[in-house]
Amino acid sequence: MLMQGQQAFENVDLGVKAVQGNSLSLLFQMSATETVEAGKAICWEGDAARHLFQITEGVVRLHRIIGDGRRVITAFHFAGDVVGSFLQGDFLFTAEAVTDCKIRRLSRKQFQEEIERSDLLRPAYISLLCRETASAHDQLVLLSRKNAEERLCTFLMKLATRDGETLHQGLLEVPMSRQDIADYLGLTIETVSRSISKLAQRKIVIPDGRHNLRIVNLARLAQLSGNVDDFSDRTCHRGSVH
């Protein structure tokens, strides 16, 4: 059970209170950690949205199936991100583990009750919704206005510059498959592979193992994304609550 009312947060360390995003994480920390194997679903499109989920380890993809059976990936989420923040009546997506994941779940009812009665949580929740909305707008621009190379470079830049990501000698971990990347960028897997090969030929990004890419020229990668000034801690895609 969640602690009742504002008392749940009165004894929280002041340093944590200073960062509003952390306050939302406190809610999920009261829940048990669950393990989800790679490829397994956390929730299904069309199911009643009775819970929200926070990812504590691993990567999760959100996808929908359109009329002709094709899969459209709408987002990738990482450790610290929350799934289901918009509180729709039903899930508008299926959430699947890309890698082995650990998650915490919180009932929608409990979450809403705590948001409604906490002056600390309300602005943190609004901030989370704003970041999610901005990410959705970014995705609309990417799919409607950018060519294949720009889409791929934008995706790689967002991976390379997301919060908590550290490149060791330019090595970028890409846990999702090329099919996942294609379904997220609205491309075919062949186009993704050709685009990576072209970047490798130009010594910008070089494949390193099955999933990793070595970024040789980050500045050039940013230029090719089509929005070189857009990659900062403020603007990069995140839906984190930690």
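Let me start with lysine 102, which is found in strand E8, residues 101–107, where strands (E, at least two residues) and helices (H or I, at least four) are DSSP runs numbered from the N terminus. This is a predicted model, in which local features need pLDDT of at least 70 and side-chain atom pairs count only at pLDDT 80 or more, while totals for chains, interfaces and linings use all residues. Residues are numbered from 1 along each chain as its sequence is written, and side-chain values use heavy atoms, with hydrogens and water left out.

How exposed is lysine 102? With a relative accessible area of 33%, lysine 102 is partly exposed, a class that lies between buried, under 20% relative accessible area, and exposed, over 50%, for a 1.4 Å probe and protein chains only. Leaving aside its neighbours within four places in sequence, lysine 102 is in contact with Thr33, Glu34, Thr35, Gln54, Ile55, Thr56 and Glu57, contact meaning heavy atoms within 4.5 Å. Its C-alpha atom is separated by 6.0 Å from that of valine 36, although the two residues are 66 residues apart along the chain.

Turning to the chain as a whole, there are nine helices and 11 strands, and buried residues make up 45% of the 242 residues. Of the contacts with a separation of 6 or more, 74% are accounted for by residues 24 or more positions apart.

Now to the helices, beginning with H5, residues 121–145. At 1.5 Å a residue, its 25 residues should span 36 Å, and the end C-alpha atoms are indeed 36 Å apart, which agrees; the expected span here is 1.5 Å times one less than the number of residues. Among the buried residues of H5 are Leu121, Tyr125, Glu132 and Leu142.

Two packed helices are described by the angle between their axes and the distance between the axes. The axes are lines fitted to C-alpha atoms, for helices over the stretch in contact, and angles run from 0 to 180 degrees between N-to-C directions. H5 and H6 pack at an angle of about 155 degrees, with their axes 9 Å apart, and they are therefore roughly antiparallel to each other. For that wording, angles over 145 degrees count as roughly antiparallel, under 35 as roughly parallel, 65 to 115 as roughly perpendicular, and the rest as oblique. The contact is made by Asp138, Leu142, Leu143 and Arg145 of H5 together with Glu150, Arg151, Thr154 and Lys158 of H6.

What does H6, residues 148–161, do beside H7, residues 178–185? Their axes come within 11 Å and cross at roughly 115 degrees, so H6 and H7 are roughly perpendicular to each other. On the H6 side Arg151, Leu152 and Phe155 take part, and they meet Ile181, Tyr184 and Leu185 in H7.

Next comes H8, residues 189–201, whose 13 residues should span 18 Å at 1.5 Å a residue, in agreement with end C-alpha atoms that are 18 Å apart. Its buried residues are Thr191, Val192, Ser195, Ile196, Leu199 and Ala200, and these pack against H6, H7, strand E10 (205–208), strand E11 (212–215) and helix H9 (218–224). H8 is followed by lysine 203, whose phi is positive, near 60 degrees.

I will finish with asparagine 227, found in the segment after H9. Neighbours within four places in sequence aside, asparagine 227 is in contact with Lys146, Thr154 and Ala222.
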